[in-house]
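Me: I am new to reading protein structures and would like a close look at a single part of this one. Please pick a pairing of strands, follow it outwards, and tell me how the rest of the chain looks around it.

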Amino acid sequence: MHKLLLKVEKLFYRVKLRNKMILLFVFCVIIPLLLTDGIVFYNVYRMNKITKAQELSSDAMAIKYGMANYFEYPAALIQNIYKNETIEELLDRQYERPVDYYNEYIKFKKLSLYESWLGAGRDRISIYADNDTILNGFMFYKLAPVREEMWYKRLGDSDGLVVMFVFGKDTTETYSKRSILLIRKLDRYKRSSCEKVLKMEINYSRFLDTILNDSIESDVYICMDNRVLMTNVGGAHFRETYPFFSKEIKYDYSYTFDLYGETFTAYLKSRNTNFWLYDSQLVSVVVIVIIINLLLPIFMIGRLISSVARRIDKLDDAFENAGSESLTKIDKVEGNDEITSLMENYNVMADRMNDLIQTVYVDKLKEQEMDIARQNAELQALHSQINPHFLFNALESIRMRSLIKSENETAEMVEHLALMQRANVNWHSDVVSVDEEVSFIEAYLELQKYRFGDRLNYNIEIDDSCKKQKLPRLSIVTFVENACVHGIEGKTEKGWIFIRIYPDGNKTIIEIEDTGIGMNEEMQDMLLFKMNNASLDLIKTGRGIGMTNACLRLKMMPDYRVEFELESEPGVGTTVMIIIEEKDGTEIA
């Protein structure tokens, strides 16, 4: 643990003061703030989610009990009729004449409480009997005409009350509408041979307004067998058929319950999509917390960085100039703390150091400059003493003597040798143009043709745009020499050397190709390594000095980047490619 703390401490040594303060702010303020506020927000979100679920559950239970309560009175009324012996006898009797049925019906109506059964006529009861001697009217009807209707088939063999939502054409209206039916067989008295069925039609609009009233604060879809029976979304649906429940509807809560043998499912969606809407005061509290816990620390850390880090940076900049000839003093030293004292002490030190530099360093530098100038003068004098003009004069005498004796071949060789020697000796400038370098190459190759005869052939192709390109003196000749000595010399048949110089975008490409003996992969890798890693240390090894020297001089050109590529195959030949590119990326002209 102690070692870990030491590593962390050393790591902090490499971090700037400004960044240390930012790290302190992040780890001691921002992260704890995010954790605590995150916990608070999560609990708020969780509580609001629970509240939302409770509200949806409350609405679902209200729907369930609302439907049960609404059907309670009609169910009790149907149960009363189910047990009524007077109705049983009225419908079971066989009448000889219609007037006999009518008289019995009038007696029944006077003695019954029929008027109060339907609650001011909002619902309608119809009783059907399999008795052809009764008359259709008021609440009693013959059963035969309705045996094919959907509600009668739905009743089937059921012995209890059946709830049915239908969409059909009303007998008194010109349009179709929704309705709710409560149907039941009147078969309490098994001795009866007459089949009787009761149908109560409940007002759908009144039922909808009662169940999905204003106390329901959610969007509700009440379904049975995947059909939407009622909904409070999208306005009234009294004249629309019962649609299938769309799978695209996203709901927050569902509740399934059974009623009178049917299974109903209520799908509920909260109308409050944003949990902040539950408590508007919470938004104000959160904003105040963010301002206090975040903005205020940011303001204070900003002022601290401005007060401390800015002055430390100024002091650091002053010390960075310590390597110059004189130290720069700090202007406008502000404050009255330890940093202020440090800056003032630096200014005192700078004054003393500048005095010492002036008296020691500058005087010493002037003395060294005088020594260098004196040594350069002496060296120049020595160069003058050994200037090899006598050698050029001697070569010229030999060439003229050969011409007088008509030894033209010897004279031409001496002329090429003089040109090469003059290029080798004249080092007032190490840089020549491609055009000048090519003249050295041609002179060298012509001399080599006297040695190799017909075994050496060469071809030089120079693009006009490259003739002014600058190169180190005798650099390309070195590669040509290497092609002759190590390529063509070991070959008995004719060989070629090709020199091609051409532009490629912002690069100049120099190719030296020979059809000599080539080299194996190991020698190729070693030579390419020396070319790309040319240095004085490699030159001191004494191997491949000429090639390494040329590569080093090419790589030392200040305004260019130089790369080397090498391809060789034994028995086929070798190609050296020199790629020269200006450092600013502009095209070489």
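Reply: Let's begin with one pair of residues: Val220 stands opposite Leu268, which is in β9. Keep in mind as you look that this is a predicted model. The pair belongs to a longer match, since β6 and β9 are joined by six bridges in the antiparallel sense. As background, strands of a sheet are held side by side by backbone hydrogen bonds, and the pairing can be parallel or antiparallel.

Now step back to the sheet. It is an open sheet of four strands, and reading across it gives the order β7-β6-β9-β8, with antiparallel pairing. At the edges are β7 (227-231) and β8 (253-259), each of which pairs on one side only. The strands do not line up perfectly: ignoring direction, neighbours in this sheet are turned by 25° against each other on average. Helix α7 (residues 204-211) packs on the sheet and touches β6 (218-224) as well as β7. The direction of α7 makes about 70° with that of β7.

Next, follow β9 to its other partner. Strand β9 (residues 262-270) is joined to β8 by seven bridges, and the two run antiparallel. You can find individual pairs here: Thr256 has Thr265 of β9 as its bridge partner, while Ser254 is matched with Tyr267 of β9. Try tracing these two pairs on the screen: going from Ser254 to Thr256 you move up in number, while the partners go from Tyr267 to Thr265 and move down. That is what the antiparallel run of β8 and β9 looks like in residue numbers. The two strands form a hairpin with two residues between them, and in this hairpin Tyr260 takes a positive phi near 55°.

How enclosed is β9? Seven of its nine residues are buried, so the strand is largely enclosed by the rest of the structure. Here a residue is called buried when its relative accessible area is under 20%.

The turn on the other side of the sheet is worth a visit too. Two residues, Asp225 and Asn226, sit in the loop between β6 and β7. Although Asp225 is not a glycine, its phi is positive, at about 55°. Asn226 is also a residue other than glycine, and its phi is near 65°. Asp225 counts as exposed because its relative accessibility is 64%, and the cut-off for exposed is over 50%. Asn226 is exposed as well, with a relative accessible area of 56%.

With that part in mind, let's place it in the whole chain. The protein chain holds 16 helices and 16 strands. It has 589 residues, of which 36% count as buried. Its accessible surface comes to about 36000 Å², and 54% of that belongs to carbon and sulfur atoms. When you look at contacts between residues at least 6 apart in sequence, 63% of them join residues at least 24 apart.

Three residues elsewhere give you something to compare with β9 and the loop. Phe140 lies in strand β2 (residues 140-142), and it counts as buried because its relative accessibility is 0%. Setting aside residues up to four places away in sequence, Phe140 touches Ile87, Leu90, Leu91, Tyr101, Tyr105, Phe108, Ile127 and Leu135. One of these, Ile127, is 13 residues from Phe140 along the chain, yet their C-alpha atoms are separated by 4.9 Å.

Met349 belongs to helix α9 (residues 338-385) and is partly exposed, with a relative accessible area of 33%. Beyond its neighbours within four places in sequence, Met349 is in contact with Phe319 and Leu327. Met349 and Leu327 are 22 residues apart in sequence, with 9.0 Å from C-alpha to C-alpha.

Finally, find Ile291 in helix α8 (residues 280-320). With 42% relative accessibility, Ile291 counts as partly exposed. It is one member of a nonpolar surface patch, together with Val287, Ile288, Ile292, Leu295 and Ile298. The patch has about 520 Å² of accessible area in all.

Key. Residues are numbered from 1 along each chain as its sequence is written. This is a predicted model: local features need pLDDT of at least 70, side-chain atom pairs count only at pLDDT 80 or more; totals for chains, interfaces and linings use all residues. Side-chain values use heavy atoms; hydrogens and water are left out. Patches are made of residues with over 30% relative accessible area and no salt bridge: like charges are joined within 9 Å, nonpolar side chains (Val, Leu, Ile, Met, Phe, Trp, Tyr) within 5 Å. Accessible areas come from the Shrake-Rupley method with a 1.4 Å probe; for residues, only the protein chains shown count as cover. A salt bridge is a side-chain nitrogen of Lys or Arg within 4 Å of a carboxyl oxygen of Asp or Glu. Buried means under 20% relative accessible area, exposed over 50%, partly exposed in between (1.4 Å probe, protein chains only). Contact means heavy atoms within 4.5 Å. Two strands pair if DSSP finds at least two bridges between them. Axes are lines fitted to C-alpha atoms, for helices over the stretch in contact, and angles run from 0 to 180 degrees between N-to-C directions.
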